[in-house]
Amino acid sequence: MEQEQIIAKNFIQQQIIDDLAEGKNGGRIHTRFPPEPNGYLHIGHAKSICLNFGTARKFGGLTNLRFDDTNPTKEETEYVDSIMEDVRWLGFDWDERLFYASDYFDKLYEFAVKLIIEGKAYVDFQPQEVISEQKGVPTRPGIDSPYRNSLPQENVELFAKMKNGFYNEGDCVLRGKIDMSSPNMHMRDPLMYRILKQPHHRTGDKWCIYPMYDYAHGQCDYWEGITHSICTLEFEVHRPLYDWFIDQLKDSDYRPRQIEFSRLNITYTVMSKRRLLQLVKENYVNGWDDPRMPTICGLRRRGYTPESMRSFSDMVGITKVDGITDVAVLEYCIREDLNKRAQRVMGVIDPIKVVITNYPEGLVEELDAVNNPEDESMGKRKVPFSRELYLEREDFMENPTNKFYRLSVGREVRLRYSYFIKCTDIIRNGEGDIIELHCTYDPETKGGNAPDGRKVKATLHWVAVAQAVKAEVRLYDRLFTDPDPAGHKDKDLLEFLNPDSLKVLSECYIEPFVKNGKPLDSFQFERLGYFNIDPDSTSNQMVFNRIVSLKDGFKK
RNA sequence: UGACCCGUGGUGUAAUUGGCAACACGUCUGGUUUUGGUCCAGAAGAGUCCAAGUUCGAGCCUUGGCGGGUCAACCA
């Protein structure tokens, strides 16, 4: 297939097509996904994963997984493991191309020495506040450090002493010698190395100086042969510095190129590691994998599938526009996926007991039910029916409004896959609350159709009392009540926390079929929504999460 | 009040070299239906931030505004 015939889906792909047309980098396409292992991945990372792996795949290129582990104070192996799990779960593979920025510590050191010798870097012994002060502000140029013009030979020795642990944290740093009057703050003699006497999760105590992001990232890209280094918009102003280091390093026509796109935002949630960490640490949620979290592990536990996350990623697209995507798009993606694949089952989450007074006591019929009307190959199952049932409390209304066409006294409805029933009596307790309904059934309507052709307006789900599995069901709502909780400069996002984001229903009854399920298996509870089995589930206490409700066309 | 980036229906994105602003989500109708789901048919909703300019013709090009974002961590 000719490259020219590939249609760009976004500006990055267009850029790649142009680069290919110009014959850049020998026609290679190589991307990388470079997380810092300092937390769990969220759906914004999923977008980046899909972008990097998906784009490379489209153009016959490769993608590396690289852990950007240049700050030992924040990074842990636990995070490395979870990130690899999440990338694989999403359906992508880096094959043998697993790298760490720490793999390059030696080369980065050598390159720094070279820059020092060339008079392009120097050791600065001023305190942090002074360096910061000298950098100035964006609207005014900075001033030179007194160490700026010290001799390269001295600096080589000083840098070696830094490396050998002669100095303490904060005593000195290595800075690039670029342009103290640049309008771009990142070019005002940026820090390349700082002293951190901290063990590193991979290099242990071999190093006590660590490269800064800006000094490490482009070089790692270069050494890995990355052609397109895709990152988010906030790195845009870093690009001149990225290019500056590459200019000092490159020795051929090959050069990696940084391209920025806008990060993902979704309504009614937050998408920054810092804020997510706060929610976890301060116990507003139950951990990183709380089903309300936009983390990949949270969404996975919630019941989102890799397919749904990938199609979501496709739908939101790639641009440089700062926006906020309606969470309804995400919900659409999981409904669309599960509608095709989810096993149907009946479950009553807010039960009211119903007695079919003219149905024989002790009789249990096994009725046929379709497993998935969207997929005949999924076959059928048997559902037990008997005299005592649970129905959804919401499906009965004592004084029905004219838009309500479910059950009420004197009205006939169909019980899915079984019989037509008619409500005859309401049973109340001492306080007058409705505790039970009495109905009669029409034996002629077995299977759900009346021989005389009469119709009913509603079909309700139900379960048989004796055979039902009692379960806990957790209902989730959006974490915040504001569409853009982090978007108010004057208000803290905690003010918008939704107090009802989790509702636990402990007395729910599900048809026995679900007993065969394993954690994370998902079902459609007919008429209610999609649910999956939570890992908290045990053999005597099943626990379900509501992934998402069904679209509800009922207008009250 | 420095530099850089971004402004297209409610939301997210499209629109070969300038050529009738398209798609998806959402919303609303109607049809089908043993899930008020799915599916099918249809509708409303922007004239592309504003203003000038170039042009037969501008969402695309030019200039100037306006609005939003990013940058002044020994974080990434």
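How many residues surround RNA strand B, and which are the closest? In this predicted model, 68 residues surround the strand, and the closest are R406, R414, G447, Q524 and R527. Of the atoms of RNA strand B that come within 4 Å of the protein, sugar and phosphate account for 65%. The residues that form this surface divide into 26 nonpolar, 21 polar and 21 charged.

Several elements of secondary structure contribute to the surface near the RNA. Helix 5 (128–135), strand 6 (191–195), helix 11 (306–316) and helix 12 (327–341) each supply at least two residues. Helix 12 gives the most, with 4 residues. I334 also has its place in helix 12. With a relative accessibility of 0%, I334 counts as buried. Between the C-alpha atoms of I334 and L494 the distance in space is 28 Å, and the two residues are 160 apart in sequence.

Individual polar contacts show how the protein meets different parts of the strand. In the side chain of S132, an N or O atom is 3.4 Å from a phosphate oxygen of RNA strand B. At I324, a polar backbone atom is 3.1 Å from a phosphate oxygen of the strand. The bases are also addressed: a polar backbone atom of G448 is 2.8 Å from a base oxygen of RNA strand B.

R527, one of the closest residues to the RNA, has its place in the loop between strand 23 (522–525) and strand 24 (529–533). R527 is partly exposed, because its relative accessible area is 34%. What is the phi of R527 near? The value is near 75°, which is positive in a residue other than glycine. Most residues other than glycine have a negative phi.

A positive phi is also found at Y268, where the angle is near 65° in a residue other than glycine. Y268 is placed in the loop between strand 9 (257–261) and helix 9 (273–281). The ring of Y268 has the charged end of R478 over it, 3.7 Å from the ring centre. Another arginine is arranged over a tyrosine at Y100: R202 lies over the face of that ring, at 3.6 Å from its centre.

The aromatic residues also pair with one another. A pair of aromatic rings is described by the distance of the centres and the angle of the planes. The count comes to 30 aromatic pairs. One of them joins Y40 and Y79, whose ring centres are 5.6 Å apart; their planes are at 90°, so the pair is edge-to-face. Because Y40 lies in the loop between strand 1 (30–33) and helix 2 (43–58) and Y79 in helix 3 (residues 77–89), the pair ties together parts that are 39 residues apart in sequence. Are Y40 and Y79 buried or exposed? Y40 is buried, with a relative accessible area of 14%, and Y79 is buried as well, with a relative accessible area of 11%. Elsewhere, one aromatic cluster is formed by F105, Y109, F111, F159, Y193, W207, Y210, Y215, W244 and F245.

The cysteines remain to be considered. A disulfide is a covalent bond between the sulfur atoms of two cysteines. How many disulfides does a search of the whole structure find? The search finds 0 disulfides. For C297, the closest cysteine sulfur is that of C50, and the distance of 16 Å is too far for a bond. C297 counts as buried, because its relative accessibility is 9%.

C423 is likewise in no disulfide, and the nearest cysteine sulfur, that of C439, is 4.3 Å away. For a disulfide, the two sulfur atoms would have to be within 2.5 Å. C423 counts as buried, at 2% relative accessibility. C439 is found in strand 18 (residues 434–442), and C439 is buried, with a relative accessible area of 0%. From C439 to K47 the C-alpha distance is 52 Å, and the two residues are 392 apart in sequence.

Terms used:
Residues numbered from 1 in each chain as written. Chains lettered and ligands numbered in written order. Predicted model: local features only at pLDDT ≥ 70, side-chain atom pairs only at ≥ 80, totals over all residues. Heavy atoms only, no water. Near = heavy atom within 4 Å. Polar contact = N/O pair within 3.5 Å; in protein donor to acceptor, adjacent residues only side chain to side chain. Nonpolar A, V, L, I, M, F, W, Y, C, P; charged D, E, K, R; others polar. Buried < 20%, exposed > 50% of the residue type's maximum accessible area, 1.4 Å probe, protein only. Phe/Tyr/Trp six-rings, centres within 6.5 Å; stacked < 30°, edge-to-face > 60°. Lys NZ or Arg CZ within 6 Å of the ring centre and 35° of its normal.
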